[in-house]
Amino acid sequence: MLENEANPTLSKSTGLPRKRFYRARAHSNPLSDSHFPIPISPHHVDYFLHYPQFFPSSDQTDGSKKIQFADIGCGFGGLLISLATLFPETLMIGMELRDKVTEYVKERILALRTANPGQYQNVSVVRTNSMKYIPNYFEKGQLSKMFFLFPDPHFKEKNHRRRVISRFLLDEYAYVLQVGGIIYTITDVEELGEWMKTCLQDHPMFEALTSEELEVDPVVKLLSSATEEGQKVARNGGQTFQAVYRRIAPSL
Amino acid sequence: MEDAPTELGDSNKDTEVAPALIAVHPSQDSVATAVGSDLRVFDFRQNCAVSLKDDSSEGSLHRDSIRAVRYGAHGKLLVSAGDDKLVKVWSTLSWRCITTVCSEKRVSAVAISDDGSYVCFADKFGVVWIVDLDTPDGQVVEFSPDGKYILSADRDFKIRVTVFPKNPLDGAHEIQSFCLGHTEFVSCIAFLCTPEYPQGFLVSGSGDSTVRMWDIISGSLLDTCEVGEKAGLLGSNGREAECYSAVTDLCTSSDGSLVAVAVQRQVPENFLLHPFFPCQVVPIRGGTFIPTSLQMCSSTGLLWMITGVSNLRGSEYPSLARVRVISGLKKSNSDSNEREPNVMDDNDIPGGAKLLEKLQGSLSYSEEVFLAAAEAVKTAMSNLLIKKQYSSEKREFRKRTRNDKKIKH
């Protein structure tokens with residue numbers, strides 16, 4: 001508690017970071033040159049740093065346990081926090097381009113770990129540009145779930161190449177997803193929802209989940225309820241558009 | 001520190017120079033060089049310079065700097081492309097333009113599939129396009145060739161290996177692997193095939209002054225050669241450590257016994273060339289010679305090199321080029337690994353003065369212009385490939401002058 005008083009960015013009652021101290025711009029240019037550190041290859045990802053309880057020392061990262069879920073553009077990390085307790089044995093990471101937002105999620109995870117000993121050890125966040133560096137973090141077929149929740153819509157046609165779901169980038173997502181892995185997308189912008197659906201539908205390495213499969217997947221419900229953006233849409237009575245697809249082996 | 005040249009290159013696109021390029025016919029029937037928008041070909045069969053003919057509706061040669069020129073594996077085709085967004089496919093028999101393809105963006109690289117039925121080209125947005133030469137009107141569709149895989153390299157240190165699809169016109173979606181390990185832009189890639197391993201290894205050169213060898217199926221790094229360091233041993237003037245010497249180009253011999261690498265270095269007499277296994281530095285005497293492009297002829301074993309630029313400001317020659325050839329790279333006998341590389345005298349080069357006159361545009365240039373040219377190439381290369389660093393004031397200034405910002409009234 002004493003520490004919290006010294007640090008006004010943490011809430012006095014919960015010990016969690018307060019969002020108002022992490023105000024960030026809503027957008028960040030994904031095409032500009034990045035100057036933050038990037039692992040040279042997936043072998044260089046520091047698991048010890050991200051998951052200290054799973055990897056007690058940096059020498060013991062034998063590669064037996066790997067990150068399986070990636071939340072691309074995790075924002076303030078609402079989904080990750082929900083998933084962390086739902087899949088306590090699965091390592092998951094959020095990827096966010098805006099460094100202030102990443103800072104917030106980092107603090108949030110640390111605070112949750114302190115408040116709930118033994119929990120939230122399987123979740124972490126990294127500042128990166130996932131449109132450029134996905135292969136630097138994950139090996140081929142490493143991931144079982146990828147999330148793209150409420151991405152930047154980039155309305156202008158000129159800016160469509162900045163969208164995080166595109167036919168070219170789906171090739172890379174298909175590369176890091178294992179066969180059977182699932183890609184979840186949701187947006188409150190109808191035009192973008194259409195776009196993401198079309199991209200996934202046209203891609204030979206993805207197929208849509210049936211409505212029964214969607215029904216039984218516990219994660220699908222979290223898409224609109226767990227994230228900060230989703231809650232905002234629900235508050236305003238807005239509509240959301242989902243596209244959930246499975247990675248399949250390409251037909252020869 | 002680096003701000004000044006960056007700003008310069010940034011604000012004034014006209015100062016962008018294009019390095020000279022060279023391509024050699026697989027059986028050395030002809031040699032082609034590209035300097036600026038000028039594509040020059042010398043035909044050894046006729047022993048004369050070639051004038052290229054283009055009867056297509058476009059009716060013209062390249063209008064802007066050529067960025068890539070290459071022969072097909074069997075030498076029937078020559079393809080050239082560049083900043084004018086045109087990809088031209090030439091027949092090496094008639095020296096006529098077979099097809100002209102208009103690209104959406106400026107083209108940065110080209111390749112021809114081994115069977116000669118597909119031409120692919122890449123732009124700076126990272127899209128690889130493929131042209132089916134069998135369809136009459138040269139239809140442009142995304143993605144492209146190399147037997148089983150398509151390889152592409154980028155300035156974000158990556159090499160991507162994509163599976164070449166059954167029906168390429170539907171696009172290539174399956175990625176085989178990524179070759180990760182370089183710590184700067186990847187400037188050149190080539191295959192090295194040995195009799196024991198006919199599928200071949202990939203070798204790549206980069207701005208981090210290393211040459212690396214890869215297994216493309218798994219994407220694993222097999223070997224790294226610090227060529228910058230090796231070349232530094234010869235110069236030995238201690239300034240090496242501060243700046244990387246970028247690898248500008250590399251090429252491999254057809255028997256897989258040799259990789260020739262061109263390295264950029266600061267001091268004069270710097271631009272050297274070395275075979276890889278075992279590493280050997282070949283100093284090029286007779287003045288400054290910093291190759292911008294290399295190619296080895298598979299039949300004769302001669303290594304052709306060119307240096308030069310176009311659009312060079314403040315010089316009496318707006319574009320210049322210098323061609324040199326290294327012989328003695330072929331093993332004298334199969335038992336020994338001994339090689340005696342020898343930079344050939346101008347008169348001994350096949351085609352002689354006639355060839356040089358065509359390919360260089362002139363027989364001789366003075367020393368100083370090549371130094372200036374080397375500097376210009378280096379600046380152009382770093383502007384193009386090295387990530388721009390801005391100080392915080394510069395960044396603020398650039399944000400203020402953004403043209404997409406809404407103006408409040």
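The following legends describe an overall view and close-up views of a predicted model.

**Figure 1. Overall view of chain A in the predicted model.** Chain A contains 10 helices and 7 strands. Of its 252 residues, 50% are buried. Among contacts in chain A with a separation of 6 or more, 77% are between residues 24 or more positions apart. The accessible surface of the chain amounts to about 12,300 Å², and carbon and sulfur atoms contribute 52% of that area.

**Figure 2. Residues annotated as "binding site" in chain A.** The annotation comes from an unreviewed UniProt entry and covers A:Gly73, A:Glu96, A:Leu97, A:Asn129, A:Ser130, A:Leu149, A:Thr227, A:Glu228 and A:Glu229. Two of these positions, A:Asn129 and A:Leu149, are the subjects of the views below.

**Figure 3. Surroundings of A:Asn129, in the loop between strand E3 (123-127) and helix H5 (130-137).** A:Asn129 has a relative accessible area of 3% and is therefore buried, the limit being under 20%. Leaving aside residues up to four places away in sequence, A:Asn129 touches A:Pro30, A:Ser34, A:Phe36 and A:Leu97. With A:Pro30 there is also a polar contact: the side chain of A:Asn129 reaches the backbone oxygen of that residue at 2.6 Å. A:Leu97, another of the residues touched, carries the "binding site" annotation as well.

**Figure 4. Surroundings of A:Leu149, in strand E4 (residues 143-149).** At a relative accessible area of 8%, A:Leu149 is buried. Residues up to four places away in sequence again excluded, A:Leu149 touches A:Gly73, A:Leu79, A:Tyr184, A:Ile186, A:Leu223 and A:Thr227. Among these neighbours, A:Gly73 and A:Thr227 are likewise covered by the UniProt "binding site" annotation.

Note on methods:
Residues are numbered from 1 along each chain as its sequence is written. Chains are lettered from A and ligands numbered from 1 in the order in which they are written. This is a predicted model: local features need pLDDT of at least 70, side-chain atom pairs count only at pLDDT 80 or more; totals for chains, interfaces and linings use all residues. Side-chain values use heavy atoms; hydrogens and water are left out. Helices (H or I, at least four residues) and strands (E, at least two) are DSSP runs, numbered from the N terminus. Buried means under 20% relative accessible area, exposed over 50%, partly exposed in between (1.4 Å probe, protein chains only). Contact means heavy atoms within 4.5 Å. Accessible areas come from the Shrake-Rupley method with a 1.4 Å probe; for residues, only the protein chains shown count as cover. UniProt positions are given in the numbering used here, feature names are shortened, and annotations may be inferred rather than shown by experiment. A polar contact is a pair of N or O atoms within 3.5 Å; within protein, one must be able to donate a hydrogen and the other to accept it, and residues adjacent in sequence count only if both atoms are side-chain atoms.
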